[in-house]
Amino acid sequence: IVMAIAIAQSIAPTVGGYLNLWAGWNAIFYVSLCMGAVALVVAALQLPETCHERSESLRIKPVIERYAQVFHSAGYLGYALSTTFIAAAFYMFVGSAPYIVDRLGGNSAQFGTWFLAVSLAFMAGSFLSTRLARRASIDQVVLAGNLTSLTGAVCLLLFALGGALNFMTLFMPMALVTFGRGLSQPNAQSAAI
């Protein structure tokens with residue numbers, strides 16, 4: 001699942017950046033609408049209902065009680081929060097990087113092209129995560145991923161504070177962050193479950 005997310009994240013900004021240059025920013029929404037409509041039709045026609053009996057477990061009170069149990073688990077919270085913090089850093093980057101690229105004199109196509117490094121690093125981390133899980137404990141892989149992400153974040157902060165931001169110093173530290181995310185996220189999710 002993580003690899004599928006990584007592939008989508010690597011393709012979307014690149015295609016969207018060039019689509020913006022060629023047809024304007026509105027075209028991105030039309031393409032998204034068409035893709036969503038196709039997915040809806042395929043799902044409606046190809047995904048049959050598998051549960052024909054109503055379940056009591058989906059009533060609101062039992063659901064809230066199960067969430068309360070989960071939120072009292074220190075192990076669950078640790079894994080969930082470590083993944084959440086790295087994801088938050090990624091989404092803050094995604095939200096601010098287009099503005100920074102514009103301030104650096106770049107355009108949406110350049111953002112999309114450079115963003116490939118960030119997405120490919122996430123893919124590489126996810127791929128390596130499955131290999132490391134055979135040789136190391138879940139906690140060791142999560143810790144390695146979190147430390148890698150922290151290193152990338154500190155590097156990016158130092159470049160920003162030092163006034164040394166360019167495309168390389170913006171995207172490569174973030175690639176390190178997402179490489180670490182790729183290492184830790186699958187293992188943290190498995191451990192949390």
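Which residues in helix 4 meet F111, F115 and V118 in helix 5? The answer is in point 3, after some notes on the chain as a whole.

1. Status of the model. This is a predicted model, and the points below should be read with that in mind.

2. Overall make-up. The protein chain contains 7 helices and 0 strands. Read from the N terminus, its elements run α-α-α-α-α-α-α. The C-alpha trace spans about 55 × 45 × 30 Å along its principal axes. The chain has 193 residues, of which 28% count as buried. Among contacts with a separation of 6 or more, 82% are between residues 24 or more positions apart.

3. Helix 4 against helix 5. The residues asked about at the start are F90, F93, V94, A97, P98 and V101, which belong to helix 4 and meet F111, F115 and V118 of helix 5. Sorted by class, the residues of this contact are 9 nonpolar, no polar and no charged. Helix 4 covers residues 74-103 and helix 5 covers residues 108-132; they pack at an angle of about 150°, and their axes are 11 Å apart. Angles over 145 degrees count as roughly antiparallel, and helix 4 and helix 5 are therefore roughly antiparallel to each other. The crossing in which helix 4 passes helix 5 is right-handed.

4. Helix 4 against helix 7. Helix 4 also packs with helix 7: the two axes come within 9 Å and cross at roughly 155°. This pair, too, is therefore roughly antiparallel. The crossing of helix 4 and helix 7 is left-handed. On the helix 4 side the contact is made by Y76, Y79, S82, T83, I86, A87, A89, F90, Y91, F93, I100 and V101. On the helix 7 side it is made by F167, L170, F171, M174, V177, T178, R181, S184, Q185, A188, A191 and A192. By class, the contact of helix 4 with helix 7 has 18 nonpolar, 5 polar and 1 charged residues. F90, F93 and V101 of helix 4 appear in this contact and also in the contact with helix 5.

5. Helix 6 against helix 7. How do the axes of helix 6 and helix 7 lie, and at what angle do they cross? Helix 6 is made of residues 138-161; its axis and that of helix 7 come within 7 Å and cross at roughly 160°. That angle makes helix 6 roughly antiparallel to helix 7. The crossing of this pair is left-handed. Its contact includes 17 nonpolar, 10 polar and 1 charged residues.

6. N187. Is N187 buried or exposed? N187 sits in helix 7, which comprises residues 167-192. Its relative accessible area is 6%, and the cut-off for buried is under 20%, so N187 counts as buried. The side chain of N187 makes a polar contact with the side chain of S129, at 2.6 Å. Apart from neighbours within four places in sequence, the residues in contact with N187 are S129, A133, I138, V141 and V142. S129 thus appears both as the polar partner of N187 and in this list of contacts.

7. V15. V15 is a residue of helix 1, which runs over residues 2-23. With a relative accessibility of 49%, V15 counts as partly exposed. How many residues apart in sequence are V15 and G112? They are separated by 97 residues in sequence, while their C-alpha atoms are 7.2 Å apart in space.

8. S96. S96 belongs to helix 4. Its relative accessibility is 31%, and S96 counts as partly exposed. S96 and A144 lie 48 residues apart in sequence, with 26 Å between their C-alpha atoms.

9. L157. L157 is in helix 6. L157 has a relative accessible area of 48% and is partly exposed. In sequence L157 and I7 are 150 residues apart; in space they are 27 Å apart, C-alpha to C-alpha.

How values were computed. Residues numbered from 1 in each chain as written. Predicted model: local features only at pLDDT ≥ 70, side-chain atom pairs only at ≥ 80, totals over all residues. Heavy atoms only, no water. Axes fitted to C-alpha atoms, helices over the stretch in contact; angles between N-to-C directions. Helix = DSSP H or I, 4+ residues; strand = E, 2+ residues; numbered from the N terminus. Parallel < 35°, antiparallel > 145°, perpendicular 65-115°, else oblique. Left-handed = near helix turned anticlockwise from the far one by under 90°. Contact = heavy atoms within 4.5 Å. Nonpolar A, V, L, I, M, F, W, Y, C, P; charged D, E, K, R; others polar. Buried < 20%, exposed > 50% of the residue type's maximum accessible area, 1.4 Å probe, protein only. Polar contact = N/O pair within 3.5 Å; in protein donor to acceptor, adjacent residues only side chain to side chain.
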